[in-house]
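Here is a walk through one protein model, helix by helix and residue by residue. Keep the viewer open and follow along.

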Amino acid sequence: APGKLDALHARFRNHTTQLFTKHGMTNLGFWTPAENPELKLIYVLAYPNRAAREASWKNFLSDPDWLSAQKASEVDGALVAKIESTFMEATDFSPEIKASSAAPRVFELRTYTTTPGNLENLKARFRQHTTALFAKHGMSNLFYWNLQPDQPGADQTLVYLLAHRDAATMAASFQAFREDSLWLAAKEASEKAAGGSLTVPDGVKSLLLNATDYSETR
């Protein structure tokens, strides 16, 4: 809600993350967009399965400590105007999904929307070429996800998170990546086999993120 982002951070820092852990959720990371006019907080939790997720949230939402923290934080009004949830699972080529920390770095959340029937072709290109070329050019591959089958767009969406030293390094890394002859050959071969681009027009979205001070991945 307008004017409430700092209060929301305080609630997560002082109460929410600990209560997530108490109820069996794994805190992976918490971020805010580098440019954040919508006052967003973006975070990722992990669970053994969807049933465990439902049980954890049921227990969390009825926990007296959560109810007390929520009430105290909302004396001057609700902190959250909108909540969006997406259910994902790791791809077979993702590094292990776990929290990590390193020297100060920025994060990039990238979402691809494929042309119909080409999600597997896109993932094959990432599996065989793209992730290694990202690493070659100084990018850190953190997480790669499929949407779970019941999520909208699951058959056309790949989501992943990269880390860079800073925004300038990110730009230089991508320039070198796009000019790499190995990438150009892999892109040409994959699109020739698929009969065209693997992504729809404007189908690659990038969001630069900064980790919060209480994020496990930072």
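## Helix 5 and its buried side

Start with helix 5, where the buried residues are Thr169, Met170, Ser173, Phe174 and Phe177. Viewed around the axis, they take up an arc of only 130°, so they sit on the same side of helix 5. There's a simple rule behind that sort of pattern: an α-helix makes a turn every 3.6 residues, so positions three or four places apart point the same way. On the other side of helix 5 you'll find Ala168 and Glu179, both exposed. Bear in mind as you look around that this is a predicted model.

What do the buried residues of helix 5 pack against? Their partners are three strands and two helices if you tick them off in the viewer: strand 4 (106–114), strand 6 (157–164), strand 7 (199–211), helix 4 (119–136) and helix 6 (181–194). As for length, helix 5 covers residues 167–179, which is 13 residues. From its first C-alpha to its last it reaches 19 Å, close to the 18 Å expected at 1.5 Å a residue.

## Helix 2, another one-sided helix

Helix 2 (residues 50–61) has 12 residues. At 1.5 Å a residue it should span 16 Å, and its end C-alpha atoms are indeed 16 Å apart, so the two figures agree. Its buried residues are Ala52, Arg53, Ser56, Trp57 and Phe60. Looking down the axis of helix 2, these fall within an arc of 130°, which means they line one face of the helix. The face turned away from that buried side carries Ala51 and Lys58, which are exposed.

The buried residues of helix 2 pack against helix 1 (5–22), strand 2 (42–46) and helix 3 (64–73). Ser56 is a good one to click on: this helix 2 residue counts as buried because its relative accessibility is 8%, and the cut-off for buried is under 20%. Setting aside neighbours within four places in sequence, Ser56 is in contact with His23, Gly24 and Met25.

Arg50 is in helix 2 as well. Is Arg50 buried, exposed or partly exposed? At 28% relative accessibility, Arg50 counts as partly exposed. Not counting residues up to four places away in sequence, Arg50 touches Phe87, Gln148, Asp150 and Gln151. Arg50 and Phe87 are 37 residues apart along the chain, and their C-alpha atoms are separated by 8.6 Å.

## Around helices 1 and 3

Now over to Leu19, in helix 1. With a relative accessible area of 8%, Leu19 is buried. Beyond neighbours within four places in sequence, Leu19 is in contact with Phe60, Asp63, Asp65 and Trp66. Phe60 is also one of the buried residues of helix 2. If you measure from Leu19 to Ala72, 53 residues apart along the chain, the C-alpha atoms are separated by 16 Å.

Gln70 belongs to helix 3 and, at 26% relative accessibility, counts as partly exposed. Its C-alpha is separated by 9.1 Å from that of His15, with the two positions 55 residues apart along the chain counted as the sequence separation.

## Two residues with positive phi

Which residues other than glycine are worth checking for a positive phi? Leu39 has phi near 60°, and so does Asp202. Leu39 is in the loop between strand 1 (26–33) and strand 2, whereas Asp202 is in strand 7. Leu39 counts as partly exposed at 37% relative accessibility, while Asp202 is exposed, with a relative accessible area of 59%.

## Zooming out

Now for the whole protein. There are six helices and seven strands, and reading along the sequence gives the pattern α-β-β-α-α-β-β-α-β-β-α-α-β. The C-alpha trace spans about 60 × 35 × 30 Å along its principal axes. Of the 218 residues, 43% are buried. Among contacts between residues at least 6 apart in sequence, 76% join residues at least 24 apart.

On the outside, the accessible surface comes to about 11800 Å², with 54% of it belonging to carbon and sulfur atoms. As for charge, the protein has 23 positive and 24 negative charges, and the mean positions of the two sets are 1 Å apart.

Notes. Residues are numbered from 1 along each chain as its sequence is written. This is a predicted model: local features need pLDDT of at least 70, side-chain atom pairs count only at pLDDT 80 or more; totals for chains, interfaces and linings use all residues. Side-chain values use heavy atoms; hydrogens and water are left out. Helices (H or I, at least four residues) and strands (E, at least two) are DSSP runs, numbered from the N terminus. Buried means under 20% relative accessible area, exposed over 50%, partly exposed in between (1.4 Å probe, protein chains only). Contact means heavy atoms within 4.5 Å. Accessible areas come from the Shrake-Rupley method with a 1.4 Å probe; for residues, only the protein chains shown count as cover. Lys and Arg count as positive and Asp and Glu as negative; His and the chain ends are not counted. The place of a charge is taken as NZ of Lys, CZ of Arg, CG of Asp or CD of Glu. The expected span of a helix is 1.5 Å times one less than its number of residues. The arc is that of the directions from the helix axis to the C-beta atoms.
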